[in-house]
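Here is a short walk through one part of a fold, written to be read alongside the viewer. Take a look first, then read on.

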Amino acid sequence: MLNLANIIDQVGKDKGIDKHILIEALESAMLKAAEKRFGPNKVIEAHYQEEMGEIELFLFKEVVEDVADPDTQISFEDARELDPEAALGDSLGVKLDSKEFGRIDAQTAKQIIIQKVREAERNIVYNEYSSKRGEIVTGIVQRFEKGDIIVDLGRAEALLSKKEQVRREGYRQGERIRGVILEVKVEARGPQIILSRTHPAFIIKLFQMEVPEVYEGIVEIKGAAREPGDRAKIAVVSHNSDVDPVGACVGVKGSRVQAVVQELKGEKIDIVHWSDDPAIYVKNTLSPAQISRVIVDDEEHAMEVIVPDDQLSLAIGKKGQNVRLAAKLTGWKIDIRTESESKGVKEKLSPEEALRKEVQAAGEREDRERAAAASDIGATLGLSPELAAKLAAAGYVSADSLTHVTREELEKIEGLDGEEIEAVLGAVSERSEKGNA
C-alpha cells in the first residue's frame with residue numbers, strides 16, 4: 001500500500017477518472033478480498049486513510065457476556081484487553097493486518113480494481129459522447145471489418161457502418177475522417193459510438209461549421225434531404241431581413257458551399273428558400289425548373305405541379321432525382337405534369353383563375369387549422385368555444401402554445417376582456433400545477 005495516494009493521483013490523471021471513484025474501487029476490492037479470506041459472515045469495513053495512503057480494514061464484533069458466534073461476537077474480557085473502555089453491547093472494530101493477505105487475495109483485489117476502473121472509463125466515454133449526439137467528430141481510420149470502418153476518436157473507437165458510408169467514398173488506414181454521431185449504445189464490451197456520413201444531420205452540421213450566420217442562428221436550415229454522394233437539397237430561411245439565407249450559405253464565389261462539397265467528395269448541393277406556404281416551398285425545391293401552377297390536395301397531402309412542356313425533364317431531374325429530393329425535403333407527395341397533359345385531363349385555367357383557386361384553398365386550409373387549434377385549446381384548458389376561438393384567431397395553435405403566455409400578451413388580443421384574460425391565466429396555471437404534481 002506504499003505510495004497509494006500517488007498511485008491514485010497518477011491513475012486518475014492518466015485515465016481521466018475522478019479520484020473518489022478510484023478510492024471507492026480500492027475500498028470495494030479490499031473488502032471483497034477480505035470477505036473471501038475471512039468468510040462472508042464477518043462484519044468487515046474498509047476505509048481509505050489519505051494521510052497514511054493506505055486502505056484500512058476493520059473486523060467488527062459485538063461485545064457480549066457469553067460468545068455464541070465467534071465470527072460476529074467477542075467476549076467482554078477479550079474486548080477489554082483490546083479497548084479498556086469497551087462495554088457490553090458495543091460494536092468493537094479490530095484492525096486487520098493487510099500482511100495476512102496472500103497472492104490469491106491480492107489477485108482478487110486486482111481484478112476488482114481493474115473491473116471498476118474499466119467501468120468508470122466506459123461511463124466517462126458514454127457520458128462524453130452521448131452529450132455530443134448530433135455533433136461532428138473527427139477521427140482516424142483504424143481498421144476495416146467486413147466493410148465497416150472502425151474510427152479511432154482518441155478516448156474511444158467509433159463504428160462507421162457500411163450503410164452509413166457514402167457509396168463513392170474510399171478511405172485508407174490512418175486517414176482522417178469526419179462523421180456525425182448518430183447514437184451511443186450501451187453494450188457489454190463498452191459504449192458503441194455510431195457515426196454517419198450519409199445522414200442529413202451531417203450536411204446541416206457542416207454548413208453550421210462553414211457559415212457563421214447559420215452557427216449564430218441568423219440563418220436557419222429548416223431541412224435537408226440527401227442522396228448521399230450524388231445530390232442534396234437544403235431549405236434555408238433568414239431571421240434577419242438584411243441577410244439573404246441562400247447567399248450566406250453559398251459565400252463569396254461559392255467558397256462556403258464548396259467547402260461543404262469538398263468534404264462530401266463532390267456531392268452537389270441545391271440551396272433553396274424555405275416558405276411556410278407549402279405550394280411556394282415545393283415550387284422553390286423544384287428550381288431551377290419553371291412552374292406554371294401548383295394544385296394542392298390537403299387531404300392526400302399531395303401536390304400536382306404543372307410545368308411548361310420544355311421544363312418537364314428539368315423538374316423531374318436525372319432518374320427522377322430532383323422531384324424525389326423535393327418530396328423528401330418538403331414531406332409532400334409531388335406529381336409533375338406538363339401543361340399539355342394537364343389540358344387533356346383537367347379544366348383549363350387562366351393564370352388568374354389558378355391564383356384565385358390557390359388563394360381560396362389557402363383560406364380554407366387556414367380555417368381548418370384555426371378550428372383545430374380552438375378545439376384543442378377549449379378541450380385541454382376547459383375554456384368556452386368562443387374564448388378558444390378568439391385565442392386561435394390570435395395565432396395560438398394549441399393549448400401548449402399558451403403554456404408561457406403572459407397577461408401583457410393577452411391584453412394585446414383584440415376583443416378579449418378582463419374576465420376572459422383571468423379565465424385563460426387561471427386555466428393555464430391550473431394545467432401547469434397538475435403537470436408538476
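## Two helices that cross

Let's start with a helix pair in this predicted model. Helix 5 covers residues 200-210 and helix 8 covers residues 255-263; their axes come within 9 Å and cross at roughly 140°. The two helices are therefore oblique to each other. As for handedness, the crossing of helix 5 with helix 8 is right-handed.

Which residues meet where helix 5 and helix 8 touch? From helix 5 come Phe-202, Ile-203, Leu-206, Phe-207 and Glu-210, and they meet Arg-256, Val-257, Ala-259, Val-260 and Glu-263 of helix 8. Sorted by class, this contact has seven nonpolar and three charged residues, with no polar ones.

## A three-stranded sheet

Now move along the chain to the strands. An open sheet is formed by three strands in the order 13-14-15, with mixed pairing. Strand 13 (293-297) and strand 15 (333-338) each have a single partner strand, so they stand at the edges and one side of each lacks a neighbour in the sheet. On average, neighbouring strands here are turned by 20° against each other, direction ignored.

Strand 14 (residues 302-307) and strand 15 run parallel and are joined by six bridges. If you want to find this pairing in the viewer, try Ala-302, whose bridge partner in strand 15 is Lys-333. Further along, Val-305 has Ile-336 of strand 15 as its bridge partner.

## A helix across the sheet

Helix 9 (residues 278-285) lies across strand 13, strand 14 and strand 15. Relative to strand 14, helix 9 runs at about 55°.

## The two faces of strand 15

Strand 15 is a nice one to colour by face. Its covered face consists of Ile-334, Ile-336 and Thr-338. Its uncovered face consists of Lys-333, Asp-335 and Arg-337. Two of these names have come up already: Lys-333 is the bridge partner of Ala-302, and Ile-336 is the bridge partner of Val-305.

Is Thr-338, a residue of strand 15, buried or exposed? Its relative accessibility is 6%, and buried means under 20%, so Thr-338 counts as buried. Leaving aside residues up to four places away in sequence, Thr-338 touches Ile-306, Val-307, Asp-309 and Leu-312.

Methods
Residues numbered from 1 in each chain as written. Predicted model: local features only at pLDDT ≥ 70, side-chain atom pairs only at ≥ 80, totals over all residues. Heavy atoms only, no water. Axes fitted to C-alpha atoms, helices over the stretch in contact; angles between N-to-C directions. Helix = DSSP H or I, 4+ residues; strand = E, 2+ residues; numbered from the N terminus. Parallel < 35°, antiparallel > 145°, perpendicular 65-115°, else oblique. Left-handed = near helix turned anticlockwise from the far one by under 90°. Contact = heavy atoms within 4.5 Å. Nonpolar A, V, L, I, M, F, W, Y, C, P; charged D, E, K, R; others polar. Pairing = 2+ DSSP bridges. Buried < 20%, exposed > 50% of the residue type's maximum accessible area, 1.4 Å probe, protein only.
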